[in-house]
Amino acid sequence: MDKVVRMSSGKGVVIFSKSSCCMSYAVQVLFQDIGIHPTIHEIDKDPECREIEKALMRLGCPTPVPAIFVGGKLIGSTNEVMSLHLSGSLVPMVKPFQANLC
């Protein structure tokens, strides 16, 4: 779990993804469309993939990928991010990190 915390902190928006996951891709495109360039960790390319998946689920993510962190805090997966976006809450949440990510 320490590795996940380390990988997700210190950056504005971090997405844990798998290269073959279409939902991860959709979330990445959403952030790019609103002007955010998130840090992407494709865990299927990490030798500790299984441990990272388990840690993400222990942190409270309903599915291992995509797992989205903003400011080091777990926001959730696709459903949570889309709900925030549709309610108008996502852009204000990530706006402080735009300068650091563009």
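**Exercise 1. Find the residues with the most contacts inside the largest nonpolar core, and the elements that supply this core.**

Step 1. The largest nonpolar core has 14 residues, and those with the most contacts inside it are Val4, Phe16, Ile43, Ile52, Leu56, Ala67 and Phe69. A nonpolar core is a set of buried Ala, Val, Leu, Ile, Met, Phe, Trp, Tyr and Cys residues joined through side-chain atoms within 4.5 Å. Buried stands for under 20% relative accessible area, exposed for over 50%, and partly exposed for the range in between (1.4 Å probe, protein chains only).

Step 2. At least two residues of this core come from each of helix 1 (2-8), strand 1 (13-17), helix 3 (49-58) and strand 3 (67-70). Helix 3 gives the largest share, four residues. Helices (H or I, at least four residues) and strands (E, at least two) are DSSP runs, numbered from the N terminus.

Step 3. A second, separate core has 13 residues, including Val13, Leu30, Phe31 and Val94.

A note on the model: it is predicted, so local features need pLDDT of at least 70 and side-chain atom pairs count only at pLDDT 80 or more, while totals for chains, interfaces and linings use all residues. Residues are numbered from 1 along each chain as its sequence is written, and side-chain values use heavy atoms, with hydrogens and water left out.

**Exercise 2. List the residues that Ile43 and Ile15 touch, leaving out those up to four places away in sequence.**

Step 1. Contact means heavy atoms within 4.5 Å. On this basis Ile43 touches Phe16, Ser17, Lys18, Cys49, Ile52, Glu53 and Val65.

Step 2. Ile15 has its place in strand 1 and counts as buried, at 0% relative accessibility. Its contacts are Val27, Gln28, Phe31, Pro38, Thr39, Ile40, His41, Pro66, Ala67 and Ile68.

**Exercise 3. Describe the order of the strands in the sheet and the helices that pack on it.**

Step 1. Four strands form an open sheet in the order 2-1-3-4, with mixed pairing. Two strands pair if DSSP finds at least two bridges between them. Strands of a sheet pair through backbone hydrogen bonds, either parallel or antiparallel.

Step 2. Strand 2 and strand 4 are the edge strands, each pairing on one side only. On average, neighbouring strands are turned by 25° against each other, direction ignored.

Step 3. Strand 1 and strand 2 run parallel and are joined by four bridges. Phe16 has His41 in strand 2 as its bridge partner.

Step 4. Helix 2 lies across strand 1, strand 2 and strand 3, and runs at about 160° to strand 1. Helix 4 packs on the sheet and touches strand 3 and strand 4, its direction making about 85° with that of strand 4. Axes are lines fitted to C-alpha atoms, for helices over the stretch in contact, and angles run from 0 to 180 degrees between N-to-C directions.

**Exercise 4. Which residues of helix 4 are buried, and what do they pack against?**

Step 1. Thr78, Val81 and Leu84 are the buried residues of helix 4 (residues 78-87). They cover an arc of only 135° around the axis, so they lie on the same side of helix 4. The arc is that of the directions from the helix axis to the C-beta atoms.

Step 2. These buried residues pack against helix 2 (22-33), strand 3, strand 4 (73-76) and helix 5 (90-94).

Step 3. The face turned away from the buried side carries the exposed residues Asn79, Leu86 and Ser87. Just after helix 4, Gly88 takes a positive phi of about 85°.

**Exercise 5. How many salt bridges are there, and which residues does a network join?**

Step 1. A salt bridge is a side-chain nitrogen of Lys or Arg within 4 Å of a carboxyl oxygen of Asp or Glu. The count comes to five.

Step 2. Asp46 and Lys3 meet in a salt bridge (2.8 Å, N to O). Asp46 sits in the loop between strand 2 (39-42) and helix 3, Lys3 in helix 1, 43 residues apart. Asp46 is buried at 17% relative accessible area, whereas Lys3 is partly exposed at 21%.

Step 3. Lys3 also forms a salt bridge with Glu48 (3.8 Å, N to O). This pair is 45 residues apart.

Step 4. Glu53 and Arg50 meet in a salt bridge (3.4 Å, N to O). Both lie in helix 3, three residues apart, about one turn of the helix. Glu53 counts as buried at 11% relative accessibility, while Arg50 is exposed at 57%.

Step 5. Lys3, Asp46 and Glu48 are joined into one network by salt bridges that share partners.
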